[in-house]
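Please examine the model shown below. The questions that follow ask how each label is justified by its criterion.

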Amino acid sequence: MELTRSGSNLITVDEKDWSLRFGEPGRDRFTLQCAEDLFLVTGCCSINELSEQSALPSRLRPHVSEDGKEFSFDSKTVIPFGSEPSVARKYKMTDHVMHLTTDLIMRTSLGMTELNAGDFHIRGKIAKVLIFGSDGILREAEGNILYEESVPPLSVIFQSESGAMLELSTGEDVWRWSAAERLGGTSCFRIVKEEIGIRYTRELFHWIPQKDVQPPPGRVWRYNSLIAWSGAKASRSRRPSKPKAVLDCSTTDWGKGCCKESGEVCFAANGTVNILKKWLRSNLADLEKGDVLLLDNVSVGPCLSAAHQDRPGKKELLHWDLNALLEFKRWAEKQLDRFGASLKIIPAKNCPVRDFPSLLAR
Ligand SMILES: [Zn+2]
């Protein structure tokens, strides 16, 4: 991945079939061109009545990994009004996938009344919108209001006429996106058709005023997102003909603590990752160049087990395990690269997200 800096704030990444521009006017917004006919423009966050649009220019500190396959950077904008809340972001990118951690940082003296994660504007020739809901079902959205709920969809897929796809997913922490009710407020996630393109608004918190009750004190409100995209010609990974080793997720004995209510394994559970890493390490000793390890029959989806989020005190916390699976893949590839070997993930036939860009990405 090659990135270019111009001035202190503008960063561009130009790849063969996609490009990305950070730091365009409006601060901290970026524009992603996924394909000739599919674009994403991201908007600013806001905290109470203060928009990030009025924030001071952000610090950008890009870092490219040694092998050039990954780039990351941190940014921070300060809104120079009131109690000076700020927005800190960590971007981590590999080819066709971006992980984004956002912190809305407020002083406790600030009474929290409105928090907005910023809008997404999707432009281009959009042929189809698919919603993967927190019920684990994938459906095609129809009408002018494509989605309106207090919980965000785990994923939305925008497919263009050329067949390119843009995936906007929450991170693992869906519970952080939908925490408003616990704090005496509401949240609202809407995806609406507009004259030009589609707008996805993400209202994290809206305070419902009550007599003699103060709004909750400010805090650091963190949430994770994942953005992935694929071109018109993207295709699913082929099943390797002679894998060196296979771990079949549908027949492995994971143990009860690693599973979702459905009985399927949850990749967000620490126990699951330990089993996967142990399997991979046990195969490192006799690897040869070109060997392929196969993780077969993989499925990801919603899970409620609070223990998987390291909060066993809570009973239920809605999360999902796509990010944890991708994180394992990233770790595994680093180990295998040294031997010239690789890992292939083959989704299960009934996995609703099997053709999503984040799973197609190499
Ligand atoms: Zn889980």
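Q: What makes S22 and strand S23 a pair, and in which sense do they run?
A: Two strands pair if DSSP finds at least two bridges between them. S22 and strand S23 (residues 292-298) have four bridges, in the parallel sense, so the criterion is met. One of the partners in S23 is Asp-296, bridged to Asp-248. Strands here are DSSP runs of E with at least two residues, helices are runs of H or I with at least four, and both are numbered from the N terminus. This is a predicted model, in which local features need pLDDT of at least 70 and side-chain atom pairs count only at pLDDT 80 or more, while totals for chains, interfaces and linings use all residues. Residues are numbered from 1 along each chain as its sequence is written.

Q: What makes S22 and S26 edge strands?
A: The open sheet has three strands in the order S22-S23-S26, with parallel pairing. Strand S22 (245-248) and strand S26 (342-347) each have a single partner strand, so one side of each lacks a neighbour in the sheet. On average, neighbouring strands of this sheet are turned by 15 degrees against each other, direction ignored.

Q: How is helix H3 placed with respect to S23 and S26?
A: Helix H3 (residues 322-337) lies across S23 and S26 and runs at about 155 degrees to S26. Axes are lines fitted to C-alpha atoms, for helices over the stretch in contact, and angles run from 0 to 180 degrees between N-to-C directions. Two residues are in contact if their C-beta atoms, placed from the backbone, lie within 7 Å.

Q: Why is Asn-297 called buried or exposed?
A: A residue is buried if 20 or more other C-beta atoms, placed from the backbone, lie within 10 Å of its own, exposed if 12 or fewer, and partly exposed in between. Asn-297 has 21 such neighbours and therefore counts as buried. The residue Asn-297 is found in strand S23.

Q: What is notable about the phi of Asn-297?
A: Asn-297 has a positive phi of about 55 degrees, although it is not a glycine. Most residues other than glycine have a negative phi. His-96 also has a positive phi, near 70 degrees. His-96 lies in the loop between S10 and strand S11 (97-105), and counts as buried because it has 21 C-beta neighbours inside 10 Å.

Q: Why does Lys-90 count as partly exposed?
A: Lys-90 has 15 C-beta neighbours inside 10 Å, which places it in the intermediate class, so it counts as partly exposed. Lys-90 lies in strand S10 (residues 86-94). Leaving aside neighbours within four places in sequence, Lys-90 is in contact with Asp-74 and Thr-101.

Q: How do you know that the radius of gyration of the protein chain agrees with that of a compact globule?
A: The radius is taken over C-alpha atoms, and the globule rule is 2.2 Å times the number of residues to the power 0.38. For 362 residues the rule gives a value near 21 Å, and the protein chain has 21 Å, so the two agree. Of these 362 residues, 39% count as buried.

Q: Where do the domain bounds come from, and how many residues of domain 1 are in contact with domain 2?
A: An automatic or database domain assignment supplies the bounds: domain 1 (3-230) and domain 2 (245-360). The C-alpha centres of the two domains lie 26 Å apart. In domain 1, 22 residues are in contact with 18 residues of domain 2. S21 gives the most to this side of domain 1, with four residues.
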